[in-house]
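Let's take a walk through this structure together. Have the sequence and the 3D view open side by side, and we will go from one site to the next.

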Amino acid sequence: MHQTEVLISSEKLQTRIQELAEEVRKDYEGKSLMLVGILKGSIHFLSDFARALGREEDELEFIQVSSYGAATKSSGVVQIRKDIDQSLEGRHVLLVEDIVDTGLTLSHLLELLSVRRPESLEIVTLLSKPEARKTQVPVKYVGFDIPNQFVIGYGLDAAEKYRNLADIRVVTNP
Ligand code: IMP
């Protein structure tokens, strides 16, 4: 068992998600969105965020990526394990991510998806660790900037556990 400490309470998460949704609703007025959740970590955020947006025309898609392996992880090369079902051409695509750490996964994913000619391609992330960044990723919407510590809960795992906690916690005995 890990010892944990609450970093962001469930109430704070939900309040911030409403604010993000308000911002996104304004920016995409009159434009339907394809919300693309990056599995698995984004599931709870995507679910709450999509319902906070509450727009009839928005669609939900999923993508799952994995690094090629520990040795190449630092290169940020990712493999698509489960692809988006629809074409992105001409669509307003918003990638929904749990956390941006080094930024390598997202920057590679942006390269892979931008060649599919979406009308727009932006990122919303619930959490960001600015101090951990190894490459600059253009993240348009950020829920919370957090310190460079390992966090779990609300979709984020430690060896596949803890994803179903309602809050975000820091592991105090890693
Ligand atoms: P990046 O390519 O370093 O930005 O890695 C992003 C991915 O690493 C996220 O989508 C998470 O799956 C995972 N990750 C990064 N930091 C944490 C953390 O603190 N807790 C759990 N997963 C994390």
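A good place to begin is the ligand, where a polar side-chain atom of T102 sits 2.4 Å from one of the ligand's oxygen atoms. Keep in mind as you look that this is a predicted model. Next to T102 in our tour is G103, which uses its backbone: a polar backbone atom of G103 is 2.8 Å from an oxygen atom of the ligand. V151 also takes part through its backbone, with an N or O atom there lying 2.6 Å from a nitrogen atom of the ligand. On its own the ligand would expose 490 Å², and the protein buries 80% of that.

Now widen the view to the whole shell. It has 15 residues, and those that come nearest to the ligand are T102, G103, T105, K129 and V151. By character, the shell is made up of six nonpolar, four polar and five charged residues. Where do the residues of the shell come from? Strand β5, residues 92-100, and helix α3, residues 104-114, each provide at least two of them. The largest share is that of β5, with four residues.

V151 is a handy bridge to the next stop, as this ligand neighbour also has a bridge partner in β9, namely V170. The strands β8 and β9 (residues 168-171) run antiparallel to one another and are joined over two bridges. Step back, and you will find them in an open sheet of three strands, ordered β1-β9-β8 and paired in the antiparallel sense. Which strands stand at the edges of this sheet? They are β1 (4-8) and β8 (151-152); each has a single partner strand, so one side of each has no neighbour in the sheet. As a reminder of what holds such an arrangement together, strands of a sheet pair through backbone hydrogen bonds, in either a parallel or an antiparallel way.

Our last stop is a pair of rings. The structure contains one aromatic pair. Its members are F45 and F49, whose ring centres are 5.5 Å apart and whose planes meet at 35°; the pair is therefore tilted, since stacked would need planes under 30 degrees apart and edge-to-face over 60. Both residues belong to helix α2 (residues 43-53), and because they are four residues apart there, about one helical turn separates F45 from F49. Are these two phenylalanines buried or exposed? Both F45 and F49 are buried.

Methods: Residues numbered from 1 in each chain as written. Predicted model: local features only at pLDDT ≥ 70, side-chain atom pairs only at ≥ 80, totals over all residues. Heavy atoms only, no water. Near = heavy atom within 4 Å. Polar contact = N/O pair within 3.5 Å; in protein donor to acceptor, adjacent residues only side chain to side chain. Areas by Shrake-Rupley, 256 points an atom, 1.4 Å probe, with all protein chains shown as cover. Nonpolar A, V, L, I, M, F, W, Y, C, P; charged D, E, K, R; others polar. Pairing = 2+ DSSP bridges. Phe/Tyr/Trp six-rings, centres within 6.5 Å; stacked < 30°, edge-to-face > 60°. Buried < 20%, exposed > 50% of the residue type's maximum accessible area, 1.4 Å probe, protein only.
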